[in-house]
Every structure is written in C-alpha cells, then in structure tokens.
Amino acid sequence: MKKRYFLVFLITVLLQGTSHAQTSSLVSMGSNGRLVYTADIKGNVVPDFSAVGYMNSEAPIPTVGVVLTVNPVAGDNLANIQNAINQVAGMPLDANGFRGAILFNAGTYTISDTVTISASGIVLRGVGFNGSGTNFIATKTSQYTLFTFAGASGTSYNSSSLTRKAITDLYVAIGKNQITVASGHTFAIGDKVFVHRIPNAAWINLLGMNLLSSIDPLAVDWTASAYDMDSERKIMNINGNVITLDAPIMDVIDPLYSTGELVKFTDSRIQKCGIENMRIKSNYASSTDENHGWEAVSFDNIYNSWAKNLEVYYFGYSAVHINSHASFITVDSCKMLDAKSTVDGGRRYSFNVDGQRNLVQNCTTRNGRHDYVDGSRTCGPNVFYNNTSTLQLNDIGPHHRWATGILFDNLIGDGRMDVQNRLDMGSGHGWAGGQIMFWNCNAARMAIQDPPGDEINWAIGCICPDITGVGDATTEPIGVIQSQGIHITAIPSLFIAQLNDRLATLSNNQYDFISNENAFFITPNPAKSQITIHSNQLFKSKSKISIFNVNGQIVKKQIEIVDYSDDKLAFNLDVSDLNDGIYFAEIINDTNSKTIKFILKK
C-alpha cells in the first residue's frame with residue numbers, strides 16, 4: 001500500500017508542476033454523478049465519512065414544539081432554569097421521541113452552577129444570539145460546565161456469545177463496510193453493534209509507541225490493551241455470515257497486528273436533545289483567568305442530539321465538548337470567541353470531539369488553540385465541515401493517541417493543520433491518528449505524516465504553501481498529498497458528495513408518522529418540478545412545510561398550508577426553483593414534526 005501511495009504522490013507532484021491538476025487519483029466524480037474510488041492492492045480506499053451527525057444526517061434538525069416558556073428573574077437563574085427542565089423531563093415522550101422545547105425569552109440569565117439535562121427529548125431554545133435575544137451568563141468563580149446533556153448510563157456489551165463473534169476475514173480493509181463473522185451468530189438487521197478492534201504488541205512496536213519512555217522517562221509507553229477500540233455501527237444486511245454495516249471500517253484489521261470481533265450492545269443513553277439560538281458568556285477576572293466557566297455545552301451518554309446557533313464567549317476550554325460516550329451529535333453554526341485562560345495545554349479546545357459519528361459544521365472560532373480537534377482513541381467517522389478559524393494559537397487536527405477516520409473538509413484557518421507523531425509530548429501523545437483526510441482546506445502550514453503499516457493520512461486539494469513531513473516532535477514520511485495549491489473543483493466538498501451518494505441509495509418509499517394514526521409520504525419521488533405530500537388524515541390549518549438541503553440549510557421556509565386539494569389529504573408544492581439533488585420536507589403539525597426525504601431530478 002505504501003509503495004503505491006508513494007508512486008501516486010510522485011506522479012501528483014509531477015502533474016502539479018506541469019498541468020496543476022484539479023483531480024485526485026483516489027476519489028473522482030464518475031460520469032453518472034457518483035463518486036468513484038480507487039483501491040490499492042489490498043482493497044483499501046478513502047472511506048465514506050458521511051454517516052455522522054443527528055440521525056446519521058438522514059434528516060435535518062427538527063423544529064420541536066414549545067411546551068414551556070421561561071423568563072429571566074433577578075439574581076441567580078439556576079433554579080429558574082433547572083426547575084423548568086425538570087418539569088419538562090416529567091412530561092411524556094411524543095411519538096417522535098420529544099417531550100418538547102423550552103423557550104427562553106429575551107433577557108439575561110445569570111447562572112451560578114451547572115444546568116443538567118438528563119432525560120431524552122428536551123430542547124433548550126433561545127430567541128436569538130445577537131445580544132438582544134437570549135443571554136446566558138456563567139458566574140461561578142471556578143472551572144465548570146454550564147450546560148451538561150448527559151444520561152445516567154451508556155452502552156454495554158450484550159452478554160450472549162451468540163451476539164459476540166470473531167471477525168474471520170484475513171484482512172479487513174479501510175473503507176470496507178462488509179465483514180465476515182464466525183458461524184452460529186444470531187445478529188439481526190437493525191442491531192446496534194461495535195466493531196471491536198483488538199491490537200497486539202506488534203502493532204504498538206510497529207508505531208514505535210513502546211519506546212516513548214526511552215525518549216522521556218515521564219512519558220507513558222503505549223500498551224496494546226489500552227488501544228482496544230469500539231466503532232459504533234448498525235447492521236444493514238445479513239447474508240449468511242457476511243454482515244453489511246451502515247458505515248465503513250476506519251482502521252485495518254489484519255492477522256499481523258490486530259484481531260477483531262463484532263459485538264451487539266445495549267444502548268441506555270438518552271437521545272433527541274438540543275440547545276439552540278442563544279448567546280452564552282462566562283464572566284472572567286482577567287485574560288488569563290483560570291477560575292470561571294470552562295465548557296459552555298457538554299454532551300455525554302447521549303446520541304441523536306444537537307447544538308446550533310450558539311455564540312459562545314470567554315469560556316476557558318470549549319464551546320461544545322462531545323465526550324467519548326456521545327455519538328450522532330450535530331454542532332451547526334456555532335461560534336467560540338476569545339477564550340480566557342492561559343495559553344497552555346488542556347485549554348482552548350474550541351470544538352472538541354472525543355465521541356464518534358459526529359458532525360461539526362459552519363462554525364467559527366477566534367483566539368483558540370486546538371479549534372477543531374479529536375482526542376485520544378477516538379473512533380471515526382467524525383466530520384468537521386465548512387468551518388473557519390482566525391487568530392489560531394495552535395494546530396487543527398487529531399491531538400493525540402490514535403484517533404481514526406476524521407474528515408476535515410473545507411476548513412479555513414490562518415495557522416496550522418496537522419496529523420503527526422507527537423512522540424513524548426504531553427504524557428506520551430504519540431501518533432495522533434490514521435485515516436485522517438484534509439480535503440480542500442486552506443492553512444498556513446500542514447504537517448501530514450504517514451504512520452507505519454497500512455494506515456494512511458491525506459491532504460487533497462489543500463491550499464497551503466508548506467505541506468511537510470516535519471512535525472513538532474519528529475520528522476516522518478509524508479502522507480498522500482494531491483492537488484496541492486488547487487482545490488478539487490469537481491468535488492467541492494467530499495462530505496456533501498459522499499452524503500449525496502449515500503442518501504441516494506436509501507429507499508425513497510418512506511412513510512413517517514406524526515402520531516400512531518397519521519402517516520405522510522411524498523410522490524413522485526424522484527420528482528421533477530412538483531411534489532405532493534400525502535397524509536391519511538386531514539391536514540390542519542396551522543400545518544407548515546419547510547424544505548432543507550442535505551447540509552441542513554432551509555431552502556423553502558415555513559410554507560403554511562392554505563391551498564388544499566379537494567380531499568384535504570394532499571398538498572402540492574412547487575420545487576421547480578431548486579437544483580437537482582436530495583432534499584428533506586419537514587411537516588409541522590401543531591406541536592409535532594416529521595421529515596421525509598425526496599430526490600429532485602429534472
């Protein structure tokens with residue numbers, strides 16, 4: 001694999017010197033508008049990173065109906081806010097899995113300690129984040145998290161030996177979504193499973209991570225048992241002992257350096273929570289104050305949730321921290337501005353992802369250190385898409401101890417973007433990661449280092465004057481660099497292209513329920529210029545429809561249903577002004593909402 005990639009790199013350099021090619025030999029756009037991947041001799045390909053975010057990015061973030069409205073009170077608002085959350089937590093879940101949204105009216109809410117959301121289906125919503133809307137202010141004079149979304153428990157292996165089976169393939173390649181398991185399994189389509197990768201000492205030695213203490217006695221050598229990693233997946237199809245997963249493998253499983261197993265797990269996490277449309281600030285004593293609000297929003301023991309339209313100021317660590325037991329979280333259109341802390345380790349990780357299958361998009365930072373970052377032993381896919389950083393104080397990228405399967409897509413920064421071997425930095429950070437893709441990014445400098453073995457890192461279509469194998473701690477072979485200095489115009493965003501491909505393969509015959517008696521579907525699908533939204537009950541006069549694109553952006557907003565068909569069971573909507581692609585129709589009926597995918601192809 002490495003020899004082939006080295007040849008690809010040499011050829012690419014020659015092409016750049018003559019024709020400035022805007023292409024990649026690894027991923028290209030086929031004549032049918034679908035992506036084409038080039039595999040190496042072992043079958044490794046650039047993986048599909050798109051199975052991330054709220055509801056696997058198969059539906060936009062919903063508009064959840066308001067069930068309680070809160071106004072600010074004089075003085076500390078901790079009890080005011082927590083009591084409202086506890087009240088909604090006691091309400092029943094609706095058919096869509098939501099209890100409802102709490103609307104915080106305009107004003108200032110000072111908060112002296114952590115606000116906790118520990119039940120599913122609760123959304124915290126402000127009325128704006130421009131200063132004249134909803135303003136939350138952290139006032140405690142010690143490090144703390146302002147909003148914690150966290151269930152009481154997480155995931156656990158299923159104890160049955162019938163749903164814990166060895167992976168028997170001789171080699172599981174990067175980007176592959178099918179594996180073979182030992183006979184006698186009882187896995188079923190729809191099961192939640194972990195792909196459990198179990199490395200051995202030979203893999204640790206291959207990476208040189210057994211030698212860290214010889215460089216620095218205070219550094220901790222890696223041990224194989226500490227690098228077992230569980231990648232969260234769902235079973236999509238079963239053919240005998242061949243299992244098809246909903247997202248590909250992000251790290252090699254082979255007989256030399258690792259084994260693997262498929263394990264069904266029980267999921268006890270909360271889900272379907274959100275925080276949106278507000279400004280969040282921390283009080284602080286000085287620009288280097290360490291005793292004040294540290295994290296604005298934290299997610300743990302939770303999935304299928306979101307943070308959007310948050311403007312965060314002055315926190316010492318992060319705007320949003322997605323912890324290791326959180327997955328399918330979307331962070332959209334948030335800002336982390338002007339952190340207050342010393343400029344040192346463990347500070348100013350603006351959008352920090354320690355979980356898996358998460359999406360951070362359309363975000364902005366200023367004066368951060370590690371603005372878009374994955375932590376230790378983080379399984380992919382994770383995606384950072386269409387984000388910007390200004391006044392960077394350190395690098396963007398995986399930070400330490402082997403994160404895998406991260407896509408940095410269309411990031412613009414004024415500092416560094418790196419994936420590197422950090423050796424004895426910290427307590428022995430070592431290799432930051434493998435299968436890390438920088439696609440159409442802009443940076444001042446990039447260290448793209450190539451790990452030993454079949455793992456690989458890429459920088460494709462990146463505008464950067466200095467892409468190198470020289471890192472902070474050591475010089476390593478350079479990874480795969482293609483189309484340096486020129487964006488891949490045929491594939492402006494790898495994430496969006498992969499998402500379009502994946503969504504196009506999902507069934508168009510979708511029925512979604514607002515209640516147990518009320519079903520919606522769309523015809524025709526695919527459509528050319530008009531869609532009809534059908535219901536098996538009469539539409540109500542307050543029903544509204546919004547149309548979203550695959551990036552979650554509204555392209556037709558809050559169309560009120562006033563022009564019914566004769567039987568009032570169908571509503572026609574003109575979509576001729578939209579470009580070809582995949583869209584979502586969100587139907588809001590009283591306090592409930594549902595979303596249906598449709599394809600537009602003229």
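**Strand pairing, aromatic contacts and cavities in a predicted model**

Strand β7 (residues 122-125) is joined to β18 by three bridges, and the two run parallel. The model is a predicted one, in which local features require pLDDT of at least 70 and side-chain atom pairs count only at pLDDT 80 or more, whereas totals for chains, interfaces and linings use all residues. Residues are numbered from 1 along each chain as its sequence is written, and side-chain values rest on heavy atoms, with hydrogens and water left out. Strands (E, at least two residues) are DSSP runs numbered from the N terminus, and two strands are taken to pair if DSSP finds at least two bridges between them.

Within the β7 pairing, V123 has G274 of β18 as its bridge partner. Strand β8 (residues 134-138) also runs parallel to β18, with four bridges joining the two; here I137 stands opposite K281 of β18. A further parallel pairing, over seven bridges, connects β18 with β20, and in it M278 is partnered by L310 of β20. Burial was assigned from relative accessible area (buried, under 20%; exposed, over 50%; partly exposed, in between; 1.4 Å probe, protein chains only). Eight of the nine residues of β18 (residues 274-282) are buried, so this strand is largely enclosed by the rest of the structure.

An open sheet is formed by three strands in the order β32-β34-β36, with parallel pairing. The edges are occupied by β32 (416-419) and β36 (467-468), each of which has a single partner strand, so one side of each is left without a neighbour in the sheet. Four bridges in the parallel sense pair β32 with strand β34 (residues 445-448), and V419 stands opposite I448 in β34.

Aromatic contacts were examined next. A pair of aromatic rings is described by the distance of the centres and the angle of the planes. Rings of Phe, Tyr and Trp (its six-membered ring) pair if their centres lie within 6.5 Å, and the planes count as stacked under 30 degrees apart, edge-to-face over 60 and tilted for the rest. The structure holds 20 such aromatic pairs. In one of them, the ring centres of Y54 and W306 are 5.3 Å apart and the planes meet at 85°, so the pair is edge-to-face. This pair links distant parts of the chain, 252 residues apart, with Y54 in the loop between β2 (35-37) and β3 (66-70) and W306 in strand β20 (residues 302-313). Both Y54 and W306 are buried. By contrast, Y317 and Y349 form a stacked pair, with 5.1 Å from centre to centre and 15° between the planes. Y317 belongs to the loop between β20 and β21 (318-322) and Y349 to the loop between β23 (335-337) and β24 (351-353), so the pair ties together parts that are 32 residues apart in sequence. Both Y317 and Y349 are likewise buried. In addition, ring pairs link F351, Y372, F384, F408 and F438 into a cluster.

Charges over rings were identified by the position of NZ of Lys or CZ of Arg, within 6 Å of the ring centre and within 35 degrees of the ring normal. The charged end of R197 sits over the ring of W203, at 4.8 Å from its centre, and that of R377 sits over the ring of Y227, at 4.9 Å from its centre.

R197 also contributes to the lining of the largest cavity. Cavities were sought on a 1 Å grid over the protein atoms alone, as sets of points where a 1.4 Å probe fits but cannot get out, with lining residues having an atom within 4 Å of a point. Grid points were joined across faces, edges and corners, and a volume is the space filled by probe spheres set on the points. The search of the whole structure finds two cavities of 30 Å³ or more, and the largest has a volume of about 110 Å³. Its lining consists of V195, R197, M229, S231, I249, M250, D251, I253, C379 and T404. At least two lining residues are supplied by each of β13 (192-199) and β14 (229-239). By class, the lining of the largest cavity has six nonpolar, two polar and two charged residues (nonpolar: Ala, Val, Leu, Ile, Met, Phe, Trp, Tyr, Cys and Pro; charged: Asp, Glu, Lys and Arg; polar: the others, Gly among them).

Backbone geometry shows two cis peptide bonds of note. One joins G380 and P381, with omega about 5°, and P381 is found in the loop between β27 (372-374) and β28 (382-385). Another joins T523 and P524, with omega about -20°.

Terms used:
1 Å grid on protein atoms, 1.4 Å probe; cavity = no way out; pocket = protein on both sides within 12 Å on 5 of 7 lines; lining within 4 Å.
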